[in-house]
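Reader: I would like a close look at a single part of this model, followed by whatever surrounds it. Please keep the account plain.

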There are 2 protein chains.
Amino acid sequence: MKQPLLAALAIAILPGFILPAAHATPQSTPAPAPSPGEIVAAAPAAEWQEIAADDLLLMMLANGRSIVIQLNPDFSRTHVANMRALARAHWWDGTSVYRVQDNYVSQWGDRTEKKPLPPGLQPTTEDYSLPAKGVAITRMPSRDAYAPVTGFWKGWPVAGDGKSAWLPHCYGMVGVGRNLSPDAGTGAELYAVIGHAPRHLDRNIALVGRVVEGMDALSALPRGTEGLGVYGPAQEPTGITSVRLASELPAADRPHFVQLDTAGPSFLRYAAARANRKDAFFNIPAGGADICNIPVPVKRSAPQ
Amino acid sequence: MKQPLLAALAIAILPGFILPAAHATPQSTPAPAPSPGEIVAAAPAAEWQEIAADDLLLMMLANGRSIVIQLNPDFSRTHVANMRALARAHWWDGTSVYRVQDNYVSQWGDRTEKKPLPPGLQPTTEDYSLPAKGVAITRMPSRDAYAPVTGFWKGWPVAGDGKSAWLPHCYGMVGVGRNLSPDAGTGAELYAVIGHAPRHLDRNIALVGRVVEGMDALSALPRGTEGLGVYGPAQEPTGITSVRLASELPAADRPHFVQLDTAGPSFLRYAAARANRKDAFFNIPAGGADICNIPVPVKRSAPQ
């Protein structure tokens, strides 16, 4: 039996690890194709798009962790408007993450449901998709169990059926808790997907954004012991210290984030590489990638 | 603006929650269709199949948590044989979970890679699929980005292309870390999927089982701070106290688990309900479900 490798090579046995080409391939074979990460790292500055400060929600937790959520004002416009109003009213300050259900969602807001909402919130409706003709989807070729069409639009994954287009419930997406229809939620009660994409929720709940930094501050929390992952009496919900829009901060204090242009050449190469990994670790390229396995690259940046 | 509901109804705003029919529907409307969970709860005893004690691996962590892994001896036969030998040799005792990468995997084994393996392990090969003709797949109708055929066989999700059939990397599946090909890993170094299914790993790594209890003891661990989620110098890996086959325990001490027969009528109704949720919460049934969104029901049971 071959011994396990030395510690110096330990990383090589991790799934998904790609050895540097110089170590992985004899001189006589062609260099492996670039990995998805290498393609993103090489994308020129012109293909990175600044995310507006009014679309960045900064959530500070009592445990010292922070989370950055990017809002999507194109879908569920009224929910996003309400979320901006709730942030400006500092409404989430003092609320908590009180539900964490394994392979499903982490949910936060006012667990008591007695905290008065600020005045001026807009009525929301079950407006969970947009007319297809307004959404110029950069289509992906892979089959999808939930929609005839999947692709990207303006930096976001999108699913569609030719009549309408909607956001899919991929890992890290943020949605709005609601009661039974026709209630559509206000935007005060939120959750993030922390498991395999629960795409059956698509078009049944308003999706309003995605976590772009600090995701593990939601996904690695202890799971709740009560039904649906609600925290039980012996569990301490994770306090939320503050939630602010980046646009509320002094300009010098604002974080800056950029997303890779999903209609640009680097993103298309990245998506193709996600579907057909040809780096040294892989023997059989998948030949496809589901829409939630092509996460849109987003990163912190210097002020643009 | 409508006030949030009273605390007594708090649970109703959680995504996926289903109100009892008596509360959710006026008397004049038909009762909602049973939810997937209700179908499973109603499945008769004859449709639940005992899992062999030699296929149950019990992992105790130093933090007091325990994990139960069901082995699959039909795929990657030599890896599973090695895992049984490793468990009988108590080889994993004193090793650790030392890698946790968000939305990907938790990995455990001997981080130092210096612990000698027990004698008698079998050489493993890249035997990551079975000939299709030996695998009688109960087919699911939904499209899949990764395989022409998906379905279930003997209680497990299966993907296939007509020539061969293989296990998919769904949430909770357990695989074998390896070095670059032709190394196929021994079965000593293992990981579990803790995020959206990384199906591009299918047929590139040996899948050997799935977590059937205690999944959150792996998925809710702090993420590693080093590359690929490896724990950094300031992080304490989670110690593994012991790993035993249930068959090693005295008969009276063995846990018993059953899985729902994936070729039986209850499972087929359950799978159809996962694809078309008609309970009160849902406005638009998805019309499909990807293979990793139809987890096979497994539960503890009394001795059969």
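In which loop of chain A is the place of P182(A)?

Author: The model is a predicted one. P182(A) sits in the loop that runs between strand 11 and strand 12 of chain A. The peptide bond joining S181(A) to P182(A) is cis, with an omega of about 5 degrees. Most peptide bonds are trans. In chain B, a cis peptide bond likewise joins S181(B) and P182(B), and its omega is about 10 degrees. P182(B) is found in the loop between strand 11 and strand 12 of chain B.

The strands on either side of this loop belong to a barrel. In chain A, 8 strands close into that barrel, and their order is 2-3-13-11-12-5-4-14 with antiparallel pairing. From one strand to the next, the twist averages 35 degrees. Strands of a sheet pair through backbone hydrogen bonds, either parallel or antiparallel. Further along the order, strand 4 (residues 96-100) and strand 5 (residues 105-109) of chain A form an antiparallel pair over 4 bridges. V100(A) has S106(A), in strand 5 of chain A, as its bridge partner.

Helix 3 of chain A, residues 77-88, lies across strand 11 (173-176) and strand 12 (190-193), the two strands that the loop of P182(A) lies between. Helix 3 of chain A also lies across strand 2 (56-61), strand 3 (66-71), strand 13 (207-213) and strand 14 (238-245). To strand 14 of chain A, helix 3 runs at about 105 degrees.

Chain B can be described in a similar way. Its closed barrel of 8 strands has the order 2-3-13-11-12-5-4-14, and the pairing is antiparallel. On average, neighbouring strands of this sheet are turned by 35 degrees against each other, direction ignored. Strand 11 (residues 173-176) and strand 12 (residues 190-193) of chain B pair in the antiparallel sense over 3 bridges. One residue of that pairing is V174(B), whose bridge partner in strand 12 of chain B is A192(B). Helix 3 of chain B (residues 77-88) packs on the sheet and touches strand 11 and strand 12. Its other contacts are with strand 2, strand 3, strand 13 and strand 14 of chain B, and its direction makes about 105 degrees with that of strand 14.

Back in chain A, there is a further backbone feature at K154(A), which is not a glycine but has a positive phi of about 55 degrees. K154(A) lies in the loop between strand 8 and strand 9 (156-160) of chain A. Most residues other than glycine have a negative phi.

Aromatic contacts come next. Over all chains, the whole structure has 10 aromatic pairs. One of them is F75(A) with W153(A): the ring centres are 6.1 Å apart and the planes stand at 85 degrees, so the pair is edge-to-face. F75(A) lies in the loop between strand 3 and helix 3 of chain A and W153(A) in strand 8 (residues 149-153) of chain A, so the pair ties together parts 78 residues apart in sequence.

Last are the cavities. The count of cavities of 30 Å³ or more is 9, and the largest cavity holds about 130 Å³ of space. Its lining has 17 residues; nearest its centre lie D144(A), D290(A), D144(B), A145(B) and D290(B). The lining divides into 8 charged, 7 nonpolar and 2 polar residues.

Notes. Residues are numbered from 1 along each chain as its sequence is written. Chains are lettered from A and ligands numbered from 1 in the order in which they are written. This is a predicted model: local features need pLDDT of at least 70, side-chain atom pairs count only at pLDDT 80 or more; totals for chains, interfaces and linings use all residues. Side-chain values use heavy atoms; hydrogens and water are left out. Two strands pair if DSSP finds at least two bridges between them. Axes are lines fitted to C-alpha atoms, for helices over the stretch in contact, and angles run from 0 to 180 degrees between N-to-C directions. Contact means heavy atoms within 4.5 Å. On a 1 Å grid over the protein atoms alone, a cavity is a set of points where a 1.4 Å probe fits but cannot get out, and a pocket is an open set with protein on both sides within 12 Å along at least five of seven lines; lining residues have an atom within 4 Å of a point. Grid points are joined across faces, edges and corners, and a volume is the space filled by probe spheres set on the points. Ala, Val, Leu, Ile, Met, Phe, Trp, Tyr, Cys and Pro count as nonpolar, Asp, Glu, Lys and Arg as charged, and the others, Gly among them, as polar. Rings of Phe, Tyr and Trp (its six-membered ring) pair if their centres lie within 6.5 Å; planes under 30 degrees apart count as stacked, over 60 as edge-to-face and the rest as tilted.
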